[in-house]
Amino acid sequence: MTGTLGALRIVHAHGDRVTLTEPTTGVELFSYVYGPEAAWEAPKPYLHPVRTLAGDIVTDYRPNDHRWHKGLQLTASHLSGQNLWGGNTYVHGEGYLALPERVGSMAHVAFDEIDADGDRAVIAERLTWHPYSGEPWAEEERRIEVHDIDVASGSWALTWTSAITNRRDEPLLFGSPTTAGREMAGYTGLFWRGPRAFRDGRVIGPRSEGPGLMGQQAPWLAYSGEHDGADGHATLLFAHAPENDHLGERGAHPAHWFVRNEPFAAVAPSWAFYDELELAPGDTLRRRYRVVVADGAWEREEVAKYLEEHPW
(Lines give C-alpha, C1' and ligand atoms only; values in the text may rest on other atoms or scores of the structure.)
Protein backbone atom coordinates (compact mmCIF):
# COMPACT_ATOMS: atom_id res chain seq x y z
CA MET A 1 0.00 0.00 0.00
CA THR A 2 1.26 3.47 -0.93
CA GLY A 3 -0.30 6.71 0.25
CA THR A 4 0.34 10.40 0.63
CA LEU A 5 -1.67 11.39 3.67
CA GLY A 6 -1.12 15.05 4.52
CA ALA A 7 2.50 16.08 4.12
CA LEU A 8 4.26 12.84 4.99
CA ARG A 9 4.39 9.87 2.62
CA ILE A 10 3.87 6.35 3.92
CA VAL A 11 4.66 3.18 1.98
CA HIS A 12 3.63 -0.17 3.47
CA ALA A 13 5.20 -3.25 1.92
CA HIS A 14 2.91 -5.79 3.56
CA GLY A 15 4.65 -8.49 5.54
CA ASP A 16 7.95 -6.64 5.45
CA ARG A 17 8.20 -2.94 6.39
CA VAL A 18 6.66 0.51 6.64
CA THR A 19 8.65 3.48 5.36
CA LEU A 20 8.07 7.17 6.04
CA THR A 21 9.31 9.97 3.78
CA GLU A 22 9.47 13.71 4.48
CA PRO A 23 8.31 15.39 1.22
CA THR A 24 10.12 18.74 1.47
CA THR A 25 13.55 17.13 1.56
CA GLY A 26 12.54 13.85 -0.09
CA VAL A 27 14.37 11.99 2.68
CA GLU A 28 13.13 8.61 3.84
CA LEU A 29 13.24 9.17 7.59
CA PHE A 30 13.09 5.48 8.47
CA SER A 31 11.90 2.00 7.67
CA TYR A 32 10.03 0.09 10.35
CA VAL A 33 10.93 -3.52 9.58
CA TYR A 34 8.70 -6.24 11.01
CA GLY A 35 9.29 -9.16 8.63
CA PRO A 36 10.80 -12.48 9.82
CA GLU A 37 14.52 -12.61 10.69
CA ALA A 38 17.12 -15.18 11.78
CA ALA A 39 16.11 -17.03 14.96
CA TRP A 40 19.59 -16.76 16.54
CA GLU A 41 19.27 -12.99 16.40
CA ALA A 42 16.04 -12.98 18.45
CA PRO A 43 13.65 -11.72 15.75
CA LYS A 44 11.85 -8.50 16.55
CA PRO A 45 10.73 -5.35 14.69
CA TYR A 46 13.17 -2.45 14.43
CA LEU A 47 13.77 0.93 12.80
CA HIS A 48 16.57 0.98 10.19
CA PRO A 49 17.82 2.89 8.38
CA VAL A 50 17.03 6.01 10.39
CA ARG A 51 18.11 9.24 8.68
CA THR A 52 18.53 12.90 9.48
CA LEU A 53 16.69 15.46 7.37
CA ALA A 54 19.95 15.91 5.46
CA GLY A 55 19.70 12.24 4.49
CA ASP A 56 22.54 10.88 6.64
CA ILE A 57 22.07 7.45 8.24
CA VAL A 58 22.33 7.38 12.04
CA THR A 59 21.73 3.67 12.75
CA ASP A 60 23.67 0.47 12.11
CA TYR A 61 22.39 -2.93 11.01
CA ARG A 62 23.90 -6.35 11.74
CA PRO A 63 27.44 -5.09 12.45
CA ASN A 64 30.12 -7.78 12.44
CA ASP A 65 30.63 -7.50 16.21
CA HIS A 66 26.95 -8.00 17.11
CA ARG A 67 24.76 -9.27 14.27
CA TRP A 68 21.65 -8.84 16.44
CA HIS A 69 22.13 -5.06 16.78
CA LYS A 70 19.60 -3.54 14.40
CA GLY A 71 18.96 0.17 14.34
CA LEU A 72 16.51 1.24 17.04
CA GLN A 73 14.61 -1.59 18.70
CA LEU A 74 12.93 -2.62 21.93
CA THR A 75 14.59 -5.66 23.48
CA ALA A 76 14.76 -7.72 26.66
CA SER A 77 18.25 -9.08 27.24
CA HIS A 78 17.28 -11.15 30.29
CA LEU A 79 13.62 -12.10 30.73
CA SER A 80 12.87 -14.84 33.26
CA GLY A 81 15.85 -16.84 32.04
CA GLN A 82 15.26 -16.14 28.34
CA ASN A 83 17.22 -13.90 25.95
CA LEU A 84 15.08 -11.75 23.64
CA TRP A 85 18.15 -9.65 22.81
CA GLY A 86 19.83 -12.15 20.49
CA GLY A 87 23.19 -13.86 20.21
CA ASN A 88 25.04 -15.37 23.14
CA THR A 89 23.59 -15.28 26.66
CA TYR A 90 25.53 -13.97 29.65
CA VAL A 91 25.86 -16.52 32.48
CA HIS A 92 27.55 -15.37 35.68
CA GLY A 93 30.93 -17.00 36.19
CA GLU A 94 30.96 -18.46 32.67
CA GLY A 95 30.68 -15.39 30.43
CA TYR A 96 28.73 -15.32 27.17
CA LEU A 97 27.59 -18.74 26.02
CA ALA A 98 25.86 -20.01 22.90
CA LEU A 99 22.53 -21.12 24.36
CA PRO A 100 20.03 -21.21 21.51
CA GLU A 101 17.43 -22.78 23.80
CA ARG A 102 17.26 -19.44 25.64
CA VAL A 103 16.84 -17.17 22.60
CA GLY A 104 13.27 -15.95 22.20
CA SER A 105 11.46 -13.57 19.86
CA MET A 106 8.95 -10.75 19.51
CA ALA A 107 6.36 -11.34 16.80
CA HIS A 108 4.23 -8.88 14.84
CA VAL A 109 0.50 -9.59 15.19
CA ALA A 110 -1.25 -6.67 13.47
CA PHE A 111 -1.22 -2.96 12.86
CA ASP A 112 -4.07 -1.04 14.43
CA GLU A 113 -3.11 2.19 12.68
CA ILE A 114 -0.70 3.40 10.01
CA ASP A 115 -1.52 6.99 9.23
CA ALA A 116 -0.21 10.50 8.67
CA ASP A 117 -1.80 13.90 9.11
CA GLY A 118 0.17 16.99 8.15
CA ASP A 119 3.63 16.73 9.70
CA ARG A 120 2.68 13.94 12.11
CA ALA A 121 2.52 10.19 11.55
CA VAL A 122 1.72 7.14 13.65
CA ILE A 123 2.41 3.42 13.51
CA ALA A 124 0.37 1.48 16.09
CA GLU A 125 1.13 -2.23 16.36
CA ARG A 126 0.31 -5.28 18.45
CA LEU A 127 3.03 -7.84 19.18
CA THR A 128 3.56 -11.00 21.22
CA TRP A 129 6.69 -11.96 23.17
CA HIS A 130 7.86 -15.58 23.19
CA PRO A 131 10.52 -17.75 24.81
CA TYR A 132 12.41 -20.26 22.66
CA SER A 133 9.64 -22.82 23.20
CA GLY A 134 7.17 -20.48 21.52
CA GLU A 135 4.32 -19.97 23.99
CA PRO A 136 3.07 -16.36 24.44
CA TRP A 137 4.62 -14.79 27.53
CA ALA A 138 3.54 -11.20 26.94
CA GLU A 139 1.45 -9.00 24.69
CA GLU A 140 2.66 -5.56 23.67
CA GLU A 141 0.82 -2.54 22.32
CA ARG A 142 3.36 -0.30 20.59
CA ARG A 143 2.89 3.19 19.21
CA ILE A 144 5.54 5.09 17.24
CA GLU A 145 4.62 8.72 16.55
CA VAL A 146 6.63 11.08 14.34
CA HIS A 147 6.27 14.78 15.09
CA ASP A 148 8.02 18.16 15.38
CA ILE A 149 9.62 17.99 11.94
CA ASP A 150 11.60 21.20 11.51
CA VAL A 151 13.35 21.39 8.15
CA ALA A 152 14.84 24.80 8.95
CA SER A 153 16.65 23.56 12.07
CA GLY A 154 17.26 20.09 10.64
CA SER A 155 15.53 18.07 13.36
CA TRP A 156 12.63 15.67 13.74
CA ALA A 157 11.34 13.58 16.62
CA LEU A 158 9.62 10.31 17.35
CA THR A 159 7.87 9.15 20.49
CA TRP A 160 7.99 5.42 21.21
CA THR A 161 5.32 4.11 23.60
CA SER A 162 5.12 0.47 24.68
CA ALA A 163 2.64 -1.24 27.00
CA ILE A 164 3.73 -4.82 27.81
CA THR A 165 1.26 -7.11 29.59
CA ASN A 166 2.34 -10.30 31.33
CA ARG A 167 0.28 -13.24 30.03
CA ARG A 168 2.03 -15.92 32.12
CA ASP A 169 0.61 -17.29 35.36
CA GLU A 170 3.80 -16.24 37.15
CA PRO A 171 5.82 -13.00 37.30
CA LEU A 172 8.01 -11.88 34.41
CA LEU A 173 11.45 -10.81 35.60
CA PHE A 174 13.14 -8.18 33.44
CA GLY A 175 16.90 -8.12 33.98
CA SER A 176 20.20 -7.44 32.23
CA PRO A 177 23.76 -8.80 32.22
CA THR A 178 24.42 -6.49 35.19
CA THR A 179 21.58 -7.95 37.25
CA ALA A 180 23.10 -11.35 36.29
CA GLY A 181 26.52 -10.34 37.62
CA ARG A 182 28.39 -8.46 34.87
CA GLU A 183 29.30 -4.91 35.91
CA MET A 184 28.17 -1.95 33.81
CA ALA A 185 26.31 -3.97 31.19
CA GLY A 186 22.75 -3.02 32.08
CA TYR A 187 21.47 -3.02 28.52
CA THR A 188 17.83 -3.87 27.98
CA GLY A 189 14.72 -2.00 26.80
CA LEU A 190 14.84 0.56 24.00
CA PHE A 191 18.25 0.23 22.33
CA TRP A 192 20.00 2.32 19.66
CA ARG A 193 23.08 1.11 17.79
CA GLY A 194 24.89 3.94 16.05
CA PRO A 195 26.81 3.70 12.77
CA ARG A 196 30.47 2.68 12.83
CA ALA A 197 31.57 6.29 12.18
CA PHE A 198 29.97 7.37 15.47
CA ARG A 199 32.54 5.50 17.53
CA ASP A 200 34.26 7.91 19.96
CA GLY A 201 31.30 10.27 19.68
CA ARG A 202 30.37 12.83 22.32
CA VAL A 203 28.00 11.81 25.12
CA ILE A 204 26.17 14.67 26.89
CA GLY A 205 23.93 14.65 29.95
CA PRO A 206 22.12 17.45 31.83
CA ARG A 207 25.09 18.20 34.11
CA SER A 208 28.08 16.24 32.81
CA GLU A 209 29.35 14.43 29.75
CA GLY A 210 31.39 11.46 28.63
CA PRO A 211 31.07 7.66 28.87
CA GLY A 212 31.10 8.01 32.67
CA LEU A 213 27.36 8.58 32.33
CA MET A 214 27.07 4.79 32.06
CA GLY A 215 24.73 3.60 34.80
CA GLN A 216 23.84 7.13 35.86
CA GLN A 217 20.38 8.62 36.34
CA ALA A 218 19.17 11.50 34.17
CA PRO A 219 15.96 12.46 32.35
CA TRP A 220 17.81 12.71 29.02
CA LEU A 221 21.05 11.88 27.23
CA ALA A 222 22.41 13.10 23.88
CA TYR A 223 24.95 11.47 21.56
CA SER A 224 26.76 13.34 18.75
CA GLY A 225 28.83 11.69 16.05
CA GLU A 226 30.61 12.66 12.83
CA HIS A 227 29.54 11.10 9.54
CA ASP A 228 31.66 9.07 7.17
CA GLY A 229 31.28 10.10 3.55
CA ALA A 230 29.57 13.41 4.36
CA ASP A 231 30.64 16.61 6.04
CA GLY A 232 29.25 17.36 9.45
CA HIS A 233 27.73 15.73 12.51
CA ALA A 234 24.40 14.49 13.79
CA THR A 235 22.95 14.40 17.30
CA LEU A 236 20.47 11.94 18.75
CA LEU A 237 18.63 12.99 21.89
CA PHE A 238 17.01 10.33 24.06
CA ALA A 239 14.53 11.38 26.75
CA HIS A 240 12.27 9.69 29.28
CA ALA A 241 8.64 10.69 29.70
CA PRO A 242 7.84 11.89 33.25
CA GLU A 243 5.52 8.96 33.92
CA ASN A 244 8.42 6.53 33.45
CA ASP A 245 9.58 7.36 36.99
CA HIS A 246 9.19 4.41 39.29
CA LEU A 247 10.41 3.37 42.71
CA GLY A 248 13.01 0.70 43.30
CA GLU A 249 15.68 -0.15 45.81
CA ARG A 250 17.74 2.75 44.47
CA GLY A 251 14.88 5.23 44.63
CA ALA A 252 13.00 6.94 41.82
CA HIS A 253 14.87 6.72 38.55
CA PRO A 254 13.72 8.32 35.31
CA ALA A 255 16.64 6.52 33.67
CA HIS A 256 19.71 4.47 34.33
CA TRP A 257 21.57 4.93 31.09
CA PHE A 258 23.48 2.28 29.24
CA VAL A 259 25.80 4.23 26.95
CA ARG A 260 29.01 3.45 25.09
CA ASN A 261 31.09 5.40 22.60
CA GLU A 262 33.68 2.64 22.24
CA PRO A 263 34.15 0.06 20.84
CA PHE A 264 30.83 1.13 19.28
CA ALA A 265 28.11 3.76 19.70
CA ALA A 266 25.08 2.62 21.68
CA VAL A 267 22.43 4.07 24.00
CA ALA A 268 19.65 2.40 25.99
CA PRO A 269 17.45 3.91 28.72
CA SER A 270 17.62 0.67 30.70
CA TRP A 271 14.60 -0.46 32.67
CA ALA A 272 16.69 -3.00 34.63
CA PHE A 273 20.26 -1.73 34.94
CA TYR A 274 21.04 -2.62 38.55
CA ASP A 275 17.84 -4.26 39.76
CA GLU A 276 15.43 -6.71 38.21
CA LEU A 277 11.98 -5.36 37.41
CA GLU A 278 9.16 -7.72 38.33
CA LEU A 279 5.89 -7.69 36.38
CA ALA A 280 3.07 -9.64 38.04
CA PRO A 281 0.67 -11.83 36.04
CA GLY A 282 -1.83 -9.64 34.22
CA ASP A 283 0.03 -6.41 35.03
CA THR A 284 1.24 -4.00 32.35
CA LEU A 285 4.61 -2.27 32.09
CA ARG A 286 4.28 1.09 30.33
CA ARG A 287 7.20 3.14 29.01
CA ARG A 288 7.33 6.21 26.78
CA TYR A 289 10.47 7.64 25.19
CA ARG A 290 11.35 10.48 22.85
CA VAL A 291 14.13 10.26 20.28
CA VAL A 292 15.15 13.45 18.45
CA VAL A 293 17.27 13.12 15.30
CA ALA A 294 19.10 16.33 14.44
CA ASP A 295 21.67 17.53 11.97
CA GLY A 296 24.73 19.09 13.59
CA ALA A 297 26.54 18.68 16.91
CA TRP A 298 24.19 20.01 19.58
CA GLU A 299 25.53 21.51 22.78
CA ARG A 300 23.91 21.05 26.19
CA GLU A 301 22.27 24.47 25.91
CA GLU A 302 20.66 23.53 22.59
CA VAL A 303 19.29 20.32 24.07
CA ALA A 304 17.88 22.16 27.09
CA LYS A 305 16.28 24.79 24.84
CA TYR A 306 14.72 22.12 22.63
CA LEU A 307 13.23 20.29 25.60
CA GLU A 308 11.89 23.54 27.03
CA GLU A 309 10.24 24.39 23.71
CA HIS A 310 8.88 20.85 23.22
CA PRO A 311 7.51 19.74 26.61
CA TRP A 312 5.94 16.35 27.10
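Colleague: Which residues line the largest pocket?

Modeller: In this predicted model, the space in the largest pocket comes to about 230 Å³. Going along the chain, the residues that line the largest pocket are Asp148, Asp150, Ser153, Ser155, Trp298, Glu302, Lys305, Tyr306, Glu309 and His310.

Colleague: Which element gives the most to the lining of the largest pocket?

Modeller: Two elements, β12 (138–150) and α1 (300–309), each supply at least two residues of that lining. With four residues, the element that gives the most is α1.

Colleague: How many residues in the lining of the largest pocket are charged?

Modeller: Asp148, Asp150, Glu302, Lys305 and Glu309 are among the lining residues, and Asp, Glu and Lys count as charged. Beside two nonpolar and three polar residues, the charged residues in this lining number five.

Colleague: What is the volume of the second largest pocket?

Modeller: The second largest pocket is lined by His66, Trp68, His69, Trp85, Asn88, Tyr96, Arg182, Tyr187, Phe191, Phe258, Arg260 and Phe264, a set that divides into seven nonpolar, three polar and two charged residues. The volume enclosed by this lining is about 180 Å³.

Colleague: Where is the pLDDT below 50?

Modeller: The protein as a whole has a mean pLDDT of 94, with 95% of its residues at 70 or more. One stretch falls below 50, although beyond near neighbours in sequence it has 16 contacts in the model, and that stretch is residues 1–6.

Definitions and conventions: Residues are numbered from 1 along each chain as its sequence is written. This is a predicted model: local features need pLDDT of at least 70, side-chain atom pairs count only at pLDDT 80 or more; totals for chains, interfaces and linings use all residues. Side-chain values use heavy atoms; hydrogens and water are left out. pLDDT is the predictor's confidence in each residue, from 0 to 100. Contact means heavy atoms within 4.5 Å. On a 1 Å grid over the protein atoms alone, a cavity is a set of points where a 1.4 Å probe fits but cannot get out, and a pocket is an open set with protein on both sides within 12 Å along at least five of seven lines; lining residues have an atom within 4 Å of a point. Grid points are joined across faces, edges and corners, and a volume is the space filled by probe spheres set on the points.
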